[in-house]
Amino acid sequence: MSHARNTGPMQESPRCGAQTRNGETCRAPALRGKARCRMHGGAWGSGAPDGNGNAIKHGYYTGEAMSERRQIRDLLSETQKLLRELK
Ligand SMILES: [Zn+2]
């Protein structure tokens, strides 16, 4: 009798990646819609609610500021690529 199982999707699932006490990364599956596993802050109800601003000091890491920086970075790399092609 064969016990071939389809574990592909399970193996493909995003991993937690938190740093463990032995210095390696946690390989437990991340919770649905979260970046961490149930033991590393991904548990339901953990973390601040969406839009919570209690920890904002300067706004450098707000989604808005980060996407703006990403756009500038992309534009710069595109421009550099174009300049390299023109040479
Ligand atoms: Zn973990």
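**Exercise 1. Is Glu78 buried, partly exposed or exposed?**

The model is predicted.
Step 1. Take the relative accessible area of Glu78, which is 47%.
Step 2. Recall the cut-offs: buried is under 20%, exposed is over 50%, and partly exposed lies in between.
Step 3. Glu78 is therefore partly exposed.

**Exercise 2. Find the salt bridge and place it in the fold.**

Step 1. The count comes to one salt bridge.
Step 2. The partners are Lys81 and Glu78, with their closest N and O atoms 3.7 Å apart. The cut-off for such a pair is within 4 Å.
Step 3. Both residues belong to helix H2. They are three residues apart, about one turn of the helix.
Step 4. Lys81 has 41% relative accessibility, so Lys81 counts as partly exposed.

**Exercise 3. Describe the zinc site.**

Step 1. List the donors: SG of Cys16, SG of Cys26, SG of Cys37 and ND1 of His40. They coordinate the zinc ion at 2.0 to 2.4 Å.
Step 2. Check the geometry. The angles among the four donor atoms run from 104 to 117 degrees. Four donors count as tetrahedral if all angles lie between 85 and 135 degrees. The site is tetrahedral.
Step 3. Read the spacing of the donor residues in sequence: C-x9-C-x10-C-x2-H.
Step 4. Look at one pair of donors. Cys26 and Cys37 each lie in the loop between H1 and H2, so the pair ties together parts that are 11 residues apart in sequence.
Step 5. Add accessibility. Cys26 and Cys37 are both buried.

**Exercise 4. Classify the aromatic pair and its surroundings.**

Step 1. A search of the whole structure gives one aromatic pair.
Step 2. The ring centres of Tyr60 and Tyr61 are 5.0 Å apart, and the planes stand at 85 degrees, so the pair is edge-to-face. The cut-off for that class is over 60 degrees.
Step 3. Locate Tyr60. This residue sits in the loop between helix H1 (8-12) and helix H2 (63-86).
Step 4. Assign accessibility. Tyr60 is partly exposed, at 43%. Tyr61 is exposed, with a relative accessible area of 58%.
Step 5. Tyr60 and Tyr61, together with Met66, make a nonpolar surface patch of about 340 Å².

**Exercise 5. Place Asp74 and give its distance to Leu86.**

Step 1. Asp74 lies in helix H2.
Step 2. Its relative accessibility is 43%, so Asp74 counts as partly exposed.
Step 3. From Asp74 to Leu86 the separation is 12 residues in sequence. In space it is 18 Å, C-alpha to C-alpha.

Note on methods
Residues numbered from 1 in each chain as written. Predicted model: local features only at pLDDT ≥ 70, side-chain atom pairs only at ≥ 80, totals over all residues. Heavy atoms only, no water. Patch = residues over 30% accessible without salt bridge, like charges linked within 9 Å, V, L, I, M, F, W, Y side chains within 5 Å. Areas by Shrake-Rupley, 256 points an atom, 1.4 Å probe, with all protein chains shown as cover. Salt bridge = Lys/Arg side-chain N within 4 Å of Asp/Glu carboxyl O. Helix = DSSP H or I, 4+ residues; strand = E, 2+ residues; numbered from the N terminus. Buried < 20%, exposed > 50% of the residue type's maximum accessible area, 1.4 Å probe, protein only. Donors = N, O, S within 2.8 Å, 3.2 Å for Na, K, Ca; no water. Tetrahedral: all angles 85-135°; square planar, octahedral: opposite > 155°, others 65-115°. Phe/Tyr/Trp six-rings, centres within 6.5 Å; stacked < 30°, edge-to-face > 60°.
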